[in-house]
Amino acid sequence: MEKYICNECGGEFSKNQLDSELLVDGESFCKGCASSLMEAGRDFVDPNHNFDSYEDWDKNGR
């Protein structure tokens, strides 16, 4: 079975343990790291969690 290296944590994972959206873009991130990075991005953009989604931010953000 082919193993992939997560670009964030350096761990080895099988293809089904990786974030499939980022894998399409040529990046390998395990699902745990992908989730953590998304949360960190959201916390940076909306630290008070005033918006329900990125789409809400796009429509109502300043």
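Trainee: Which residues line the largest pocket?

Mentor: This is a predicted model. In it, the largest pocket is lined by Asp19, Glu21, Leu22, Asp25, Ala34, Leu37 and Met38. Its volume is about 150 Å³.

Trainee: What makes a residue count as lining?

Mentor: Lining residues have an atom within 4 Å of a point of the pocket. Asp19 and Met38 are among the residues listed for the largest pocket.

Trainee: Which helices supply at least two residues each of that lining?

Mentor: Helices α1 (20-24) and α2 (31-45) do. The most comes from α2, with 3 residues.

Trainee: How many lining residues are nonpolar, polar and charged?

Mentor: The lining has 4 nonpolar residues, 3 charged ones and no polar ones. Asp and Glu count as charged, while Ala, Leu and Met count as nonpolar.

Trainee: Now the cysteines. How many disulfides does the structure hold?

Mentor: It holds 0 disulfides. Cys30 is in none, and its nearest cysteine sulfur, that of Cys33, is 3.5 Å away. A disulfide needs the two sulfur atoms within 2.5 Å. At 3.5 Å, Cys30 and Cys33 therefore do not count as one.

Trainee: What is the nearest cysteine sulfur to Cys33?

Mentor: That of Cys30, at 3.5 Å, and Cys33 is in no disulfide.

Trainee: Why is Cys30 called buried?

Mentor: Its relative accessibility is 7%. Buried means under 20%, so Cys30 counts as buried.

Trainee: And why is Cys33 called buried?

Mentor: Cys33 has 13% relative accessibility. That value is set against the same cut-off, under 20%, so Cys33 counts as buried.

Trainee: Where is Ser28, and is it buried or exposed?

Mentor: Ser28 sits in the loop between α1 and α2. Its relative accessibility is 11%, so Ser28 counts as buried.

Trainee: Which residues does Ser28 touch, beyond those up to four places away in sequence?

Mentor: Ser28 touches Tyr4, Ile5, Cys6, Asn7, Leu18 and Leu23. Contact here means heavy atoms within 4.5 Å.

Trainee: Why is Gly10 called partly exposed?

Mentor: Gly10 has 45% relative accessibility. Buried is under 20% and exposed is over 50%, so a value in between counts as partly exposed. Gly10 lies in the loop between β1 (4-5) and β2.

Trainee: How far apart are Gly10 and Cys30?

Mentor: They are 20 residues apart in sequence, and their C-alpha atoms are 9.3 Å apart in space.

Trainee: What makes Gln17 partly exposed?

Mentor: Its relative accessible area is 37%. Partly exposed lies between the 20% and 50% cut-offs, so Gln17 falls in that class. Gln17 is placed in the loop between β2 and α1.

Trainee: Which residues is Gln17 in contact with, leaving aside neighbours within four places?

Mentor: Cys30 and Lys31. The C-alpha atoms of Gln17 and Lys31 are separated by 6.2 Å, with the two positions 14 residues apart along the chain counted as their separation.

Trainee: What pattern does the chain follow?

Mentor: Along the sequence, β-β-α-α-α. That comes to 3 helices and 2 strands. Of the 62 residues, 19% count as buried.

Trainee: Where is confidence lowest and where is it highest?

Mentor: Confidence is lowest in helix α3 (residues 54-60), at a mean of 61. It is highest in strand β2 (residues 12-13), at 96. The chain averages a pLDDT of 83, and 82% of the residues score at least 70.

How values were computed. Residues are numbered from 1 along each chain as its sequence is written. This is a predicted model: local features need pLDDT of at least 70, side-chain atom pairs count only at pLDDT 80 or more; totals for chains, interfaces and linings use all residues. Side-chain values use heavy atoms; hydrogens and water are left out. On a 1 Å grid over the protein atoms alone, a cavity is a set of points where a 1.4 Å probe fits but cannot get out, and a pocket is an open set with protein on both sides within 12 Å along at least five of seven lines; lining residues have an atom within 4 Å of a point. Grid points are joined across faces, edges and corners, and a volume is the space filled by probe spheres set on the points. Helices (H or I, at least four residues) and strands (E, at least two) are DSSP runs, numbered from the N terminus. Buried means under 20% relative accessible area, exposed over 50%, partly exposed in between (1.4 Å probe, protein chains only). pLDDT is the predictor's confidence in each residue, from 0 to 100.
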